[in-house]
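Visitor: I should like to learn how to read a model of this kind. Would you please guide me through its features?

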Amino acid sequence: MLNLLSVTFRRAFFKKRFYIGLGFILFIGDMMLFFANDGSNAHVDNMPFAVVSFLPMLIGITGGLYISQDYTNNTIRNKIIAGHSRTNIYLSNLITSMLGTLIIYGLYVLLVLGIGSAVIGVSDSFDMAHEMKSILMFLGIFWTFTSLTVMFCMMMDGVSGTVISALLYILFGLSTIIMAFVENETLIKIFVYLNPTLYIDFVEEYARGTEIEADFIDIYKIVIASIVYIIASTGLGIFVFNKKDIK
Amino acid sequence: MEYILQTSDLCKNYGKAKILKNVNIHVPKGSIYGFVGRNGAGKTTLIRVVTGLHTPSSGSYSLFGVSNNDAQINTMRAKMGAVVETPSIYPDLNARQNLKMVCRILGKPFDNIDEILKTVELTNTGKKKAKDFSLGMRQRLGIAFSLINNPELLVLDEPINGLDPQGIMEVRQLLTDLNQKKGITILISSHILDELSKLATHYGFIDKGMILKEMSAEELHRSSQKSARITVDNMQALKEVLDAMKLSCEVLSANEAYIYGDFFVTPLVNELSKRNCFVQTLSQNDESLESFFINLIGGGEIA
C-alpha cells in the first residue's frame with residue numbers, strides 16, 4: 001500500500017494540473033481579501049464558505065483527470081501486474097484524492113482565515129469553534145464528492161468518469177427539480193439526505209448562522225449521511241473495480 | 001515436469017461472446033512458450049486473464065502452483081513481468097524516470113536501473129520523454145518495466161509488433177539471453193511465426209478461443225520435418241513395404257500418403273518396384289511453423 005501511495009502522491013501532487021487547481025482557488029481567496037480590504041466593515045467570518053458551491057466541481061475535474069490518466073495511459077496495468085490488490089489500488093487513489101481535497105480546501109481556509117483575520121479582521125460575533133465545526137462539515141461533504149469522483153472514475157474508463165465527476169454537483173442540483181413533484185414528507189426527507197448538493201446548502205446556512213430553510217434537517221445527520229455516502233460509494237466502487245476488466 | 005503457468009478449463013465471455021473456451025495450457029519452467037494464433041483467436045484475452053487484468057468467467061489458472069482463487073495469487077503475480085499489447089509507459093517521463101516509477105510501484109530500489117537500461121539499449125535517451133519515443137523504443141521500455149522485478153516469468157504479448165528488422169533481432173537476442181542466462185520462463189504471443197520459431201521451445205496453438213494443440217519444438221520438428229508425401233498406383237503394396245520397413249504412414253487418398261520417420265528413398269522405391277508398384281511423386285515435407293499452423297487450423301489466412 002505504501003508503495004502505491006508513493007506513486008499516486010507523486011503522480012498527483014508533482015503535476016502542473018494540481019497546482020493550477022490549487023492556484024485557482026488561492027487566487028480566488030486572494031481576490032476576496034483584496035476587495036474586502038477596502039476600508040469597509042467587511043470581515044473574514046464567512047470567507048471559508050465562499051467557494052463551497054463550486055469546489056465540488058473543481059474536485060471532480062482535478063480528481064477525475066488525475067485518476068483517468070492512469071486509464072488513458074494504461075499505467076493502471078503496471079500496478080495490477082506488479083501484484084497489488086485492486087482494493088489497495090482503489091484505496092490509494094481514494095486516499096490521494098482525499099488528501100488533494102484537504103490540501104486545496106485547507107490551504108484556502110488557511111489563507112482567508114490566517115491572513116484575512118490579520119489583515120481584515122473578524123466580526124465581534126465570530127465563534128472559532130463554530131467556524132471550525134462548519135469547515136470540518138464542509139470537508140466531510142467535499143470528501144463525499146471526492147469518493148463519488150473516485151468511484152465513477154475507477155468504474156469507467158478514460159474521460160467519461162471525469163465528465164460525470166465534474167458534472168456531479170450540477171446533476172445532483174438538477175435532481176432537486178424532482179422534489180417539486182413529491183409531496184410525501186418522508187420521501188422528501190430521504191431525497192434530501194441522499195443529495196450531497198443540498199448538504200452544502202444546509203451546512204452553509206448553518207455556518208452563516210442563518211435559519212435552515214428545511215426545518216426537519218438535523219445538521220448532524222448530514223455528517224452521518226456524508227460518512228455513509230463515503231463508505232457506500234467506496235464499497236460499491238471497490239466491488240465493481242474488482243470485477244472490472246482492464247484493457 | 002514443473003509448470004510455471006497452467007490453466008484449467010479457462011473460459012472468458014464478454015456478454016454472449018465466448019472468447020476463451022475451456023482453455024488448458026501448460027507452460028513448463030525454463031521454457032520459451034510460443035503462443036500462436038490468428039488475430040481474435042484469444043491470445044491477448046488469455047494473457048490479460050493470467051496477468052490479472054481480466055477475471056475469468058469460469059475455470060481457473062495457477063501461477064507458480066498457486067491458484068487464481070488463492071489469496072496468495074497477487075504475491076505470485078509479483079514474480080511475473082508482462083507487456084500486454086502496447087507498453088504501459090508514463091508518456092510525460094523519460095526512460096529513467098519511467099523505470100523509477102515502476103520501481104516505486106514494486107517497492108524496489110533504483111539500483112539496477114542502469115543495468116536494465118543497458119540491457120534494453122535505452123541508455124542514450126537522456127531527457128527525451130517517452131511520448132516522443134519510437135515504437136521500438138517503447139517496446140523496449142515496456143520490456144525494461146517487466147525486468148525490474150527480476151521476474152521468473154515474462155509474459156509478452158506481440159513484443160515484436162511494429163519493430164524494424166534490427167529491432168526484431170535485438171529483442172530476439174534479449175529474450176534468448178534472458179531465458180538462457182537468467183533462466184526466465186517466457187510466454188510470448190506472436191503472429192510473426194517465422195520469428196517465433198527461432199525462439200520457442202514449446203508451442204500452444206489457439207484458434208477461436210480453443211487450444212488446438214500443445215507441443216514442444218522438438219515434437220513440432222519431428223512432425224513437420226520428417227515426413228514425405230508419396231503418390232503410388234498401389235496403396236496396398238505401399239502399406240506392406242512400409243510395414244516391413246517399420247515406418248508409419250497416413251493414407252490421404254487411394255494413391256497418396258504421408259510417410260513418417262527416417263528412411264532412404266532408393267530401398268523404398270526398389271521394394272515397391274519388386275511389388276509392381278510405381279512411384280509417381282515423392283516429396284520431402286519440409287513444413288514451417290506457419291504451414292503447420294495453417295494445416296492445424298484447417299487452412300485460412302494468418303493475420
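Visitor: How many residues does each chain give to the contact between chain B and chain A?

Guide: Two residues are in contact if their C-beta atoms, placed from the backbone, lie within 7 Å. Here chain B contributes 23 residues and chain A contributes 18 residues. Please note that this is a predicted model, in which local features need pLDDT of at least 70 and side-chain atom pairs count only at pLDDT 80 or more, while totals for chains, interfaces and linings use all residues. Residues are numbered from 1 along each chain as its sequence is written, and chains are lettered from A and ligands numbered from 1 in the order in which they are written.

Visitor: Which element of chain B gives the largest share of the side that touches chain A?

Guide: Helices (H or I, at least four residues) and strands (E, at least two) are DSSP runs, numbered from the N terminus. Helix 3 of chain B gives the largest share, 5 residues. The elements that give two or more residues to this side are helix 2 (73-77), strand 7 (80-83) and helix 3 (95-106) of chain B.

Visitor: How is chain B divided into domains?

Guide: Domain bounds come from an automatic or database domain assignment. Chain B has domain 1 (3-216) and domain 2 (226-294), and the C-alpha centres of these two domains of chain B lie 42 Å apart.

Visitor: What is the largest nonpolar core, and where does it lie with respect to the domains of chain B?

Guide: In soluble globular proteins, nonpolar side chains tend to be buried together. A nonpolar core is a set of buried Ala, Val, Leu, Ile, Met, Phe, Trp, Tyr and Cys residues joined through C-beta atoms within 7 Å; a residue is buried if 20 or more other C-beta atoms lie within 10 Å of its own, exposed if 12 or fewer, and partly exposed in between, with C-beta atoms placed from the backbone. The largest core has 129 residues, and Val203(A) and Leu187(B) are among those with the most contacts inside it. Helix 6 (residues 128-155) of chain A supplies the largest share of this core, 12 residues. Domain 1 (3-216) and domain 2 (226-294) of chain B both give residues to this core, so it lies between them.

Visitor: Which residues is Leu187(B) in contact with, leaving aside its neighbours within four places in sequence?

Guide: The contacts of Leu187(B) beyond those neighbours are Leu5(B), Val27(B), Tyr33(B), Phe35(B), Leu153(B) and Val155(B).
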